[in-house]
Amino acid sequence: MKLQVKLALYNTLTKVAIILFTGLLILLSIEKISYNHIEVRLENDKRETLRDLSSNEISHYLNSQKVYTDYNILKEEFIIIRPAKYNPKTTSEVKFTTETRGADQNEQTYRILSHYFNFKEHTYRLEIGVAIESVEELKSIIKKFTLVVLVIALALTLVSDLIFTKFLLAPFYKIIDRKLIKVNDPMNFDYEKVKTTTQDFEMLDDSISSLMKKISNLFILEKQFIANVSHELLTPISIISSRLENILLQEDLSEGSENKMHASLKTLNRLKSIINSLLLISKVENNQFDKTDMVMIAGVIKEIHEELEDRMDEKELKFTNHIKYIYSIKGNRPLIHTLLYNIINNSIKYNNIKGTITINDELADDIYSIIIADTGAGMDERQIENAFNRFEKFDTDEKESYGLGLAIVKSITAFHNIKVKISSIKDKGTIVKLTFNHEG
Amino acid sequence: MNVLIVEDEKGLALEVDEFLSHEGFTVEHARTKKSAEEKIFVNNYDFILLDLGLPDGDGFELLKMLKGLDKREDAVIILTARGAVDDRVMGLEQGADDYLAKPFSLNELLARMHAITRRKHRLESNDIHIKGLRVNIQNRTVMYNDERIALTKKEFEIFNYLVLNKNRVISRTNLTEHVWGDVLEINSDSNFVDVHVKNLRKKLSQYIPIDWFETVRSIGYRINI
């Protein structure tokens, strides 16, 4: 769930709780206060009634052992005095109850005071009631009111919270979008601060920037390191290889030593190839190439086909070129050549004898793709996943693979903004699709 | 012919020196830009083998200085660890005659020096005579008497390289690199060089016996004259 929604929900829930709580509190206290008020009145009435006991009307009823009942006009109050079982010791205790009483099919809820008293050596039960309809009405009004307030408050809160948090979190999403999602290379990181008045976001922004700074410094260091190491290694290799060649010139050399010299030269050559590949990757990643050539893809493919023809013949491969479009991209010609060379070279290297290599292209919405398919060893999921890693080698009969070919492909495609996709089925073949971005 | 090696790596300079001396060159050695400048002012050289990264400056500056001098015909071959195409282009455009990336093969260096010499002196010896065959470097043909032996481009390259390096064992790696170029991830274990050599020998043997075209087991090839 988004932080914005979470915050809004939290706010809403707390507000609901507060409103409910205050509503309940008001309801309860209103009941309590009005009952108290009513009870005080009832006690006063009781006192007054008891004082007026000797009044003609009431004493008449009592003397004749009858029930005295008196309702006022709207039946909002009543007094009932009826004889009870004789109890010589009555207390001044009073009891309050809430009851529904009916009179003339008109039922009402009353708060009733009951009291036992002795009068002329008889015990009577006095009940004084007051209708509490008005209190109940008030209660239901408050209930409705609370509900309405609750709903309105909820709606308002939710909307205002959503709007406010959206506004509040805008810099946060901006930081995420601009500083994390859109940055695929720490070297191109945008150090400009995102405008915000929230300190926390400033902190986030600053820490991301300083982290990126550290990362890009490490990147630069790594690139420099590779470039330097490669340079520093090529000269010693040159010395050793020259030395070996000089030793080979000696005429008294035994055949065994000569073989060993040549084997060593070969090893040195491998080393040279590895270093040159690493150097190339590092230079590409260092943006040390320019992209000013107009490179015609079909032309490059044709050139590579010619170059590799004898290797294809050797494996008796069938090479089919189905390129339909004359498409040029702006880039670095030698690099594009190396890119396609490595891919086609791989499809030769991992192909079966008498296999095929097919090259297709397509143009859709100004986006040009080239598809190179072979009928070779193929790769499984894990191998595809790791194919672009440096020094990743697969089980093949080829001893001279250093696992750098596809790493070079990766850096050149990244440099030219070309999308590369490998799909492959084990033992069936591999399809490499290059999609050229129109702006190169 | 005299050669000036401008190279701060003493070890490498010594090896090149030893090799070229063995081939009959007179070799001098400068380890810094400054000492190279002094030597260049005093002497004319047939070849200057120029390293780009010098302790006290860039080899390109030496090249520029040299090209600024009058009446100099010193051939310059740049030797450098900077092997990228752009560097090569820059080196050649600034007036170098050739460009070799480290680590280079001494045989290739020698072959290139020979090629420069031929170009410079417009030698008749675009023709190399070998056992009744005539190899023309310029037209890239091999003739037997007046008959042209039909070789493919690659076959000619291989034969030409072996002839230029006659009496010397040339390894498959070396041959591959020379003929197919400094291709990344090249498969030197693969036998495609052998296929070409086999075809080449078959074609040649139709004209003359080729016992002088020797296969050195597990290493490479040698043309014995």
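1. Let's start with chain B: 53% of its 225 residues are buried. Keep in mind as you read that this is a predicted model.

2. In secondary structure, chain B has eight helices and 14 strands. Looking at contacts in chain B with a separation of 6 or more, 56% come from residues 24 or more positions apart. The chain exposes about 10,300 Å², and carbon and sulfur atoms supply 47% of that area.

3. Next, have a look at one sheet in chain B. Three strands make up this open sheet, in the order S12-S14-S13, and the pairing is antiparallel. Strand S12 (170-171) and strand S13 (213-216) of chain B are the edge strands, each pairing on one side only.

4. How many bridges join S13(B) to strand S14 of chain B? There are four, and the two strands run antiparallel, with S14(B) covering residues 220-223. If you'd like a spot to zoom in on, try Glu214(B), which stands opposite Arg222(B) in S14(B).

5. Two helices of chain B go with this sheet. Helix H8 (residues 192-205) of chain B packs on the sheet and touches S13 and S14 of chain B. The direction of H8(B) makes about 155° with that of S13(B). Helix H6 (residues 153-164) of chain B lies across S12, S13 and S14 of chain B, and runs at about 60° to S14(B).

6. Now over to chain A. Of its 440 residues, 42% count as buried. Its secondary structure comes to nine helices and twelve strands. Among contacts in chain A between residues at least 6 apart in sequence, 67% join residues at least 24 apart. Chain A exposes about 25,500 Å², with carbon and sulfur atoms supplying 57% of it.

7. On the surface of chain A, there is a nonpolar patch worth finding. Met1(A), Val5(A), Leu9(A), Leu158(A), Val159(A), Leu162(A) and Ile163(A) form it, and together they have about 610 Å² of accessible area. Helix H1 (3-51) and helix H3 (133-181) of chain A are the elements that give two or more residues to the patch. Which helix gives the largest share? That is H3(A), with four residues.

8. One last residue to check is Leu9(A), a member of that nonpolar patch. Leu9(A) is found in helix H1 of chain A. Is Leu9(A) buried or exposed? Neither quite fits: Leu9(A) counts as partly exposed because its relative accessible area is 38%, and that label covers values between the 20% and 50% cut-offs.

Notes. Residues are numbered from 1 along each chain as its sequence is written. Chains are lettered from A and ligands numbered from 1 in the order in which they are written. This is a predicted model: local features need pLDDT of at least 70, side-chain atom pairs count only at pLDDT 80 or more; totals for chains, interfaces and linings use all residues. Side-chain values use heavy atoms; hydrogens and water are left out. Two strands pair if DSSP finds at least two bridges between them. Contact means heavy atoms within 4.5 Å. Axes are lines fitted to C-alpha atoms, for helices over the stretch in contact, and angles run from 0 to 180 degrees between N-to-C directions. Patches are made of residues with over 30% relative accessible area and no salt bridge: like charges are joined within 9 Å, nonpolar side chains (Val, Leu, Ile, Met, Phe, Trp, Tyr) within 5 Å. Accessible areas come from the Shrake-Rupley method with a 1.4 Å probe; for residues, only the protein chains shown count as cover. A salt bridge is a side-chain nitrogen of Lys or Arg within 4 Å of a carboxyl oxygen of Asp or Glu. Buried means under 20% relative accessible area, exposed over 50%, partly exposed in between (1.4 Å probe, protein chains only).
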